[in-house]
Amino acid sequence: MMHSIIRNKNLIAAVRKIIAAIIWLGVWQVIYLAVGQEILVVSPARVFQRILELATQTEFWLDTFNSMIHVLEGFAAGVVVGAILAPFTVKYRFLNDLFRPLLNIVKATPVASFIILVLVWIPSAYVPVFIAFLMVLPVVWGNIGEGIRKIDRNLLEMADCYRFGKWKTFQRVTLPSVMPYLVAACTTSLGLAWKAGIAAEVLSHAKYSIGGEIYDAKIYLETLDVFAWTAVVILLSVLLEKLMVCLVRAAGKKYNVEAEEKWG
Amino acid sequence: MGIEVRNAWKRLGGQAIFEGLNLKFPEQGTICLFGASGCGKSTLLNCIAGIISLDQGEIIGVSGKKIAYLFQEDRLLPWATAQENISIVLQNREMEAEKWLAYVGLAGEGNKYPRELSGGMRRRVAIARALAYGGDILLLDEPFRGLDEENKNVAANLIWKTETAPLKILVTHDRHEAEQFGDEIWFLEGPPLKKG
């Protein structure tokens with residue numbers, strides 16, 4: 001009975017999403033017909049067809065793979081560095097005061113400015129990775145720091161009293177306390193990294209990448225390809241987000257991350 | 001040998017909690033520290049437990065001893081089940097944790113998270129954790145706070161019928177509790193804390 005209610009609810013939600021997608025595709029088609037110039041707006045059907053054509057080419061998969069690698073490398077580096085730095089800036093006030101302005105500058109500076117500056121500093125091949133890293137770092141750093149500050153002192157005292165030791169305290173108190181903050185940071189920053197990484201590829205004309213293809217399409221006024229590659233970016237963004245949700249669920253089994261409603 | 005607080009000094013938030021405090025606890029029995037809220041009783045327990053350190057002075061006889069602590073609050077890990085909350089102090093011996101859960105009348109509730117348990121049940125899990133840990137000294141900081149009469153009797157029965165921790169130090173500001181459970185009642189006043 002309960003399962004059937006949940007199944008029906010899921011079905012209704014899926015139908016609602018499909019209807020919304022159909023409506024927006026309809027709006028797109030109407031705009032296409034109203035404008036009537038393929039150089040400005042192309043039809044959804046043509047875009048879909050072009051994606052299928054692209055997908056048969058080896059370059060498409062090479063470009064997609066490279067872009068994913070750029071973003072994921074930057075993302076992973078941002079998570080690792082943020083996770084390493086956060087405990088120090090929480091523990092040592094001086095380090096916090098030292099790095100806080102830097103983080104605020106990174107947060108406030110337009111991505112395009114950073115990309116152009118970084119293009120001057122480092123080889124263009126590394127720019128997308130670095131930009132993705134820059135997008136992720138302040139979010140992960142800030143969130144983990146917040147998570148550490150919010151650890152229940154009573155639980156730490158309990159762990160101390162019952163002689164958990166450093167490793168067990170980290171594993172059983174610190175990590176589960178911080179995990180929801182880390183997960184929130186990862187889900188938020190992955191989207192940021194993806195968008196900024198592709199923008200960096202466009203501006204740095206990165207070879208064999210989605211951004212590079214978008215740049216070429218723009219140069220040669222191939223609006224259809226700009227639309228097709230942009231659609232690919234959106235699809236991959238959704239895919240990455242789903243992947244992140246799966247990882248969160250897997251982590252949740254161990255650390256009860258997903259379980260705000262379960263224990264929070 | 002019992003434990004001895006010798007010439008203890010402690011300031012917290014600019015206030016003197018102990019100023020040359022001297023106390024000598026016996027090796028066994030239940031010592032009831034009775035005094036008004038805020039006089040420094042809980043700080044004394046925290047110092048004995050090693051959670052906070054003294055500014056000056058020493059506590060003799062605690063080193064190498066296992067000290068279990070039943071805090072005012074349950075202090076259960078919210079992301080761990082009742083069973084995990086107990087097995088964590090038992091080097092993850094799950095079967096033994098189940099035994100302790102059954103002992104406090106919570107058999108079959110081991111897979112529940114603290115928020116899925118009532119206040120009385122959570123208290124019993126905290127008691128089971130303290131008793132399971134065992135040791136030489138059991139610190140009880142207002143262990144019945146927030147419990148109704150029935151749950152209080154259940155909790156008290158569990159604590160005092162168990163053959164664990166020869167020395168129990170009970171902190172309370174309830175005179176009836178002090179008379180009911182204490183082998184010795186020490187009337188304390190402060191801050192700074194001193195024997196009345």
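User: Let's start with the largest pocket. Which helices of chain A each supply at least two residues of its lining?

Analyst: Helix H3 (58–91), H6, helix H7 (153–161) and H8 of chain A each do so. Please keep in mind as we go that this is a predicted model.

User: Which helix gives the most to that lining?

Analyst: H8(A) does, with 9 residues.

User: What is the volume of the largest pocket, and which residues are the closest to its centre?

Analyst: The volume is about 670 Å³. The lining has 20 residues, and Pro87(A), Ile148(A), Ile151(A), Phe170(A) and Thr174(A) are the closest to the centre.

User: How does the lining of the largest pocket divide by class?

Analyst: There are 14 nonpolar residues in the lining, along with 3 polar and 3 charged ones.

User: H6 and H8 both came up for that pocket. How should I read the packing of two helices?

Analyst: The general idea is simple: a packed pair is described by the angle between the two axes and by the distance between those axes. Here, helix H6 (residues 127–149) of chain A packs with helix H8 (residues 165–204) of chain A at an angle of about 165°, and their axes are 7 Å apart. That angle makes H6(A) roughly antiparallel to H8(A), because angles over 145 degrees count as roughly antiparallel.

User: Is the crossing of H6(A) and H8(A) left-handed or right-handed?

Analyst: The crossing of these two helices is right-handed. As for the residue classes in the contact of H6(A) with H8(A), you will find 19 nonpolar, 6 polar and 2 charged residues.

User: What about the second largest pocket: how much space lies in it, and which residues line it?

Analyst: The second largest pocket holds about 360 Å³ of space. Its lining includes Leu25(A), Trp28(A), Pro44(A), Phe48(A), Phe227(A) and Thr230(A). By class, the lining residues divide into 11 nonpolar, 1 polar and no charged.

User: Which helices supply that second lining?

Analyst: Helix H1 (2–35), helix H2 (44–55) and helix H10 (223–255) of chain A each supply at least two residues. The largest share, 6 residues, comes from H10(A).

User: Finally, how is chain A divided into domains, and how far apart do their C-alpha centres lie?

Analyst: Domain 1 covers 1–36 and domain 2 covers 44–263. The C-alpha centres of domain 1 and domain 2 of chain A lie 29 Å apart. With those bounds in hand, you can go back to the second largest pocket: Leu25(A) and Ile234(A) are among the residues that line it, and they fall in domain 1 and domain 2 respectively.

Notes
Residues are numbered from 1 along each chain as its sequence is written. Chains are lettered from A and ligands numbered from 1 in the order in which they are written. This is a predicted model: local features need pLDDT of at least 70, side-chain atom pairs count only at pLDDT 80 or more; totals for chains, interfaces and linings use all residues. Side-chain values use heavy atoms; hydrogens and water are left out. Axes are lines fitted to C-alpha atoms, for helices over the stretch in contact, and angles run from 0 to 180 degrees between N-to-C directions. Helices (H or I, at least four residues) and strands (E, at least two) are DSSP runs, numbered from the N terminus. Angles under 35 degrees count as roughly parallel, over 145 as roughly antiparallel, 65 to 115 as roughly perpendicular and the rest as oblique. A crossing is left-handed if the near helix is turned anticlockwise from the far one by less than a right angle, and right-handed if clockwise. Ala, Val, Leu, Ile, Met, Phe, Trp, Tyr, Cys and Pro count as nonpolar, Asp, Glu, Lys and Arg as charged, and the others, Gly among them, as polar. Domain bounds come from an automatic or database domain assignment. On a 1 Å grid over the protein atoms alone, a cavity is a set of points where a 1.4 Å probe fits but cannot get out, and a pocket is an open set with protein on both sides within 12 Å along at least five of seven lines; lining residues have an atom within 4 Å of a point. Grid points are joined across faces, edges and corners, and a volume is the space filled by probe spheres set on the points.
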